[in-house]
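Okay, everyone, let me get the structure up on the screen. I'll take you through a few spots, and please save the questions for the end.

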Amino acid sequence: MTVANEAAVIKNFINGKWVSAAGSEMQDVINPATGKKIASVPISTEEDVHAAAMAAAEAFKTWKRVPVPKRARILFAYHHLLSKNHEELAKLIVSENGKAYKEAYGEVQRGIECVEFASGAPSLMMGESLSGIAEEMDSEMFRYPLGAVGGITPFNFPMMVPLWMFPLAVACGNTFVLKPSERTPLLSNRLAEMFTEAGAPAGVLNVVHGSRDVVNGLLGHPEIKAISFVGSQPVAKYVYEKAAANGKRVQALSGAKNHHVVMPDADFEKAAQHIVSSAFGSAGQRCMACSAVVTVGDGQEFMKILEQKADELVMGNGMNDEVLLTPVIRDSHLKKVIGYIEKGMEEGAALVRDGRRDMDVNKEGYFLGATIFDEVTPDMTLAKEEIFAPVLSVLRASDLDEALEYIRKSRYGNGATIYTKDAQAIRTFREEADAGMLGINVGVPATMAFFPFSGWKDSFYGDLHVNGKDGVNFYTRKKMITSRFDF
């Protein structure tokens, strides 16, 4: 098998077989906590994409005719295998992504929940009908799959994000080509292996590893009818524009700058704990992480508690049960983040906790301690750009209206949270906060699989979001039948 041994040479999975890429270029897969190589992944070519797309298109001819309940039974079997191997999958995530085991275990659970949702395919695929639209006439709507579709997934959730995509897509009768991040390819190969073990026919799920050429190959291939993407804002915009120009359906989930508003009446201890977990868990490398706190009123007491909670964080290898703060994904990203810290100081923000002081604690991996800036203003780089790291910016607001204005000014609109006991403040926040996923005293207001992951503004490109009914609508097209009976 391609992922069982350390430093294994990863292969693509096309038409039910593990195959070498057409080209010879390889890239090291690094454990971020140790800096050590654990595998080699191919940087595949458009030739590999073509092979996978054609395999998916061929498999679609028969897969679309498989009865929906039978598709569901394969997904039930897949659910069983994922649950049975929960611990193994979590450890695999830790090894290639670096996040803490507890967070990896939670990610596996969220992925399994996506399969649970997709297993309801017989209900999800139901159409609608109306008898008597006119005399002796009825009308019916049926759902049909699109064909072969593609997914491009990021490094930060190597299990959950692919499972946002292909289980629901294949439940709806499509076939799938997955392009995982070249930084975290091991988990995707394991998912493909287990999906085959669950009974999926050859060609229904294909995995092609690589970088830009694979992305462009998927965006341009005529057999790929839709693209699902999760990643950075510039790439999401590119994916959306190029895929749409090629006549494909697109859902492209993008960057974020999530604001957490702390009201004067909030429980500061609980709010600080939620914010620290949200901002620094997974090293801040998640699109629902808290990256900007807005304190309403004085804020000094809250800041003392926030710094104290940050000081108490344990940083290290994610396999240590006490660790929350883990490494960023690569040395190149660490250097970029340090550049943001320097930029924040240059622009006048107050660096109240410098995570660079903790870097020597774990010299082998790509670690940065919890970093907190105070006195950040909306015009600063820290407030505007997604840093994707354990760097937290604190802005001050005189009242809730000013805090909401900060959220409105952000180009991103994934999530926002308020900490308060005030019912009126909660309602105002719910109605006026300019983001698609809101939290009330919740650190990470990410939705469950049966609701859409509802980013707004530059956090999403497209019309139909992943998950929930949006996901079903994205992966299906509707056929209307009008019948007359007095003919």
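Salt bridges to start with: this structure holds 24 of them. Let me show you one, between the side chains of arginine 110 and glutamate 113, where nitrogen and oxygen are 3.3 Å apart. Both residues belong to helix α4, which covers residues 101-118, and they're three residues apart, so to speak about one turn of the helix.

Now, keep in mind that what you're looking at is a predicted model. How does the pLDDT look for the protein chain? It averages 96, and 99% of the residues score at least 70. Residues 1-5 are another story, with pLDDT below 50, and that stretch has 13 contacts in the model beyond near neighbours in sequence. Where pLDDT is low, we shouldn't read the predicted coordinates in detail.

Okay, sheets. Let's take the one with seven strands: it's open, the pairing is mixed, and the order reads β15-β16-β17-β14-β13-β19-β20. Which strands stand at the edges here? Those are β15, residues 350-353, and β20; each has a single partner strand, so one side of each is left without a neighbour in the sheet. On average, neighbouring strands in this sheet are turned by 25 degrees against each other, if you ignore direction.

Let me zoom in on one pair. β14, residues 290-296, and β17, residues 391-397, pair in the parallel sense, over five bridges. If you want a landmark, alanine 292 has serine 393 in β17 as its bridge partner.

What packs on this sheet? Helix α12, residues 331-346, does, and it touches β15, β16 and β17. The direction of α12 makes about 20 degrees with that of β16, residues 371-374. Then there's helix α15, residues 423-432, which also packs on the sheet and touches β13 (258-262), β19 (415-419) and β20. For α15, the angle with the direction of β20 is about 170 degrees.

There's also an open sheet of three strands, ordered β1-β5-β4, again with mixed pairing. At its edges stand β1 (8-9) and β4 (26-31), each with a single partner strand, so one side of each has no neighbour in the sheet. β1 and β5, residues 36-42, run parallel and are joined by two bridges. In that pair, valine 9 stands opposite serine 40 of β5. Helix α3, residues 86-97, packs on this sheet and touches β4 and β5, and its direction makes about 110 degrees with that of β4.

Last stop, the surface. Met448, Phe450 and Phe451 make a nonpolar patch of about 310 Å². You'll find phenylalanine 451 in the loop between β20 (437-440) and β21 (456-457).

Okay, that's my tour. Over to you!

Note on methods
Residues numbered from 1 in each chain as written. Predicted model: local features only at pLDDT ≥ 70, side-chain atom pairs only at ≥ 80, totals over all residues. Heavy atoms only, no water. Pairing = 2+ DSSP bridges. Helix = DSSP H or I, 4+ residues; strand = E, 2+ residues; numbered from the N terminus. Contact = heavy atoms within 4.5 Å. Axes fitted to C-alpha atoms, helices over the stretch in contact; angles between N-to-C directions. Patch = residues over 30% accessible without salt bridge, like charges linked within 9 Å, V, L, I, M, F, W, Y side chains within 5 Å. Areas by Shrake-Rupley, 256 points an atom, 1.4 Å probe, with all protein chains shown as cover. Salt bridge = Lys/Arg side-chain N within 4 Å of Asp/Glu carboxyl O. pLDDT = per-residue confidence, 0-100.
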